[in-house]
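Welcome! Take a moment to look over the sequence and the 3D structure, and then read on for a short tour of how the parts meet.

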Amino acid sequence: MIHDLPIGLALRRFRRLNAVKQGAVAELLAVSQGTVSRWESGEHEPDEVHRERIAALIAAKAGEGSDAAIRRLVETSSQAVHLVCDATHQLLAVSPARLASWRIDASDYLGVSLWRFASPEIARAQGELARTGWFERPYQRLRFETGPNDSPEVPVAPGLTEWETIPLADGRVGRLTTTIG
């Protein structure tokens with residue numbers, strides 16, 4: 001779990017996309033509605049236990065139903081692309097072109113956060129998302145230049161990266177990451 005994730009904003013987006021009231025989320029998390037409101041506004045940050053519970057609540061999965069088609073599109077794409085949960089960075093699907101540059105077995109990483117492999121430029125872009133309104137609307141796109149991450153397992157090549165959000169059938173949000181050029 002990444003600790004700089006704007007979990008309150010991600011929770012608010014999840015609630016809005018799924019028409020869930022703060023009171024219902026408060027009941028699920030055994031806190032007051034006011035606490036949920038303060039998390040979403042950024043006035044307070046949840047403690048580690050509540051961060052983990054929120055992440056579990058909003059974490060995307062792309063394995064069943066209509067999302068299986070999205071997963072198959074990613075897994076058969078000729079582009080270097082992968083799909084992660086926008087809130088947790090857990091790997092949901094990866095294309096053969098992307099996997100060719102990674103030195104891992106994809107099945108061992110499905111459902112695992114890729115955040116530890118972020119380059120400094122990826123971390124910087126992630127840090128700017130809240131300011132740009134990324135977590136306020138369901139369809140977002142961002143292009144930026146990235147440098148390498150020096151990881152032998154999941155290397156990030158320097159170049160142009162594009163992030164696109166994809167609302168999934170369960171109301172959660174995926175992030176399609178594509179290497180351009």
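## Where the two domains meet

Between domain 1 and domain 2 there are zero residue pairs in polar contact, counting pairs with both residues at pLDDT 80 or more. Keep in mind that this is a predicted model. Salt bridges between domain 1 and domain 2 also come to zero.

The two domains do touch, though: 15 residues of domain 1 are in contact with 21 residues of domain 2. About 1500 Å² is buried between domain 1 and domain 2, and carbon and sulfur atoms give 58% of that area.

Which elements give two or more residues to the side of domain 1 that touches domain 2? They are helix H1 (7-18) and helix H4 (48-58). Of the elements, H1 gives the most to this side, with eight residues.

Here is how the residues on the side of domain 1 that touches domain 2 divide:

| Kind of residue | Count |
|---|---|
| nonpolar | ten residues |
| polar | one residue |
| charged | four residues |

Stepping back to the whole protein, domain 1 covers 7-62 and domain 2 covers 67-179. Their centres, taken over C-alpha atoms, are separated by 23 Å.

There is also a database record to look at. An unreviewed UniProt entry lists residues 11-47 as "domain: HTH cro/C1-type". In the model, the span 11-47 is 68% helix and 0% strand, and its end C-alpha atoms lie 14 Å apart.

Note on methods: Residues numbered from 1 in each chain as written. Predicted model: local features only at pLDDT ≥ 70, side-chain atom pairs only at ≥ 80, totals over all residues. Heavy atoms only, no water. Domains from an automatic or database assignment. Contact = heavy atoms within 4.5 Å. Buried area = accessible area lost by both parts, 1.4 Å probe. Salt bridge = Lys/Arg side-chain N within 4 Å of Asp/Glu carboxyl O. Polar contact = N/O pair within 3.5 Å; in protein donor to acceptor, adjacent residues only side chain to side chain. Helix = DSSP H or I, 4+ residues; strand = E, 2+ residues; numbered from the N terminus. Nonpolar A, V, L, I, M, F, W, Y, C, P; charged D, E, K, R; others polar. UniProt positions renumbered as here; feature names shortened; annotations may be inferred.
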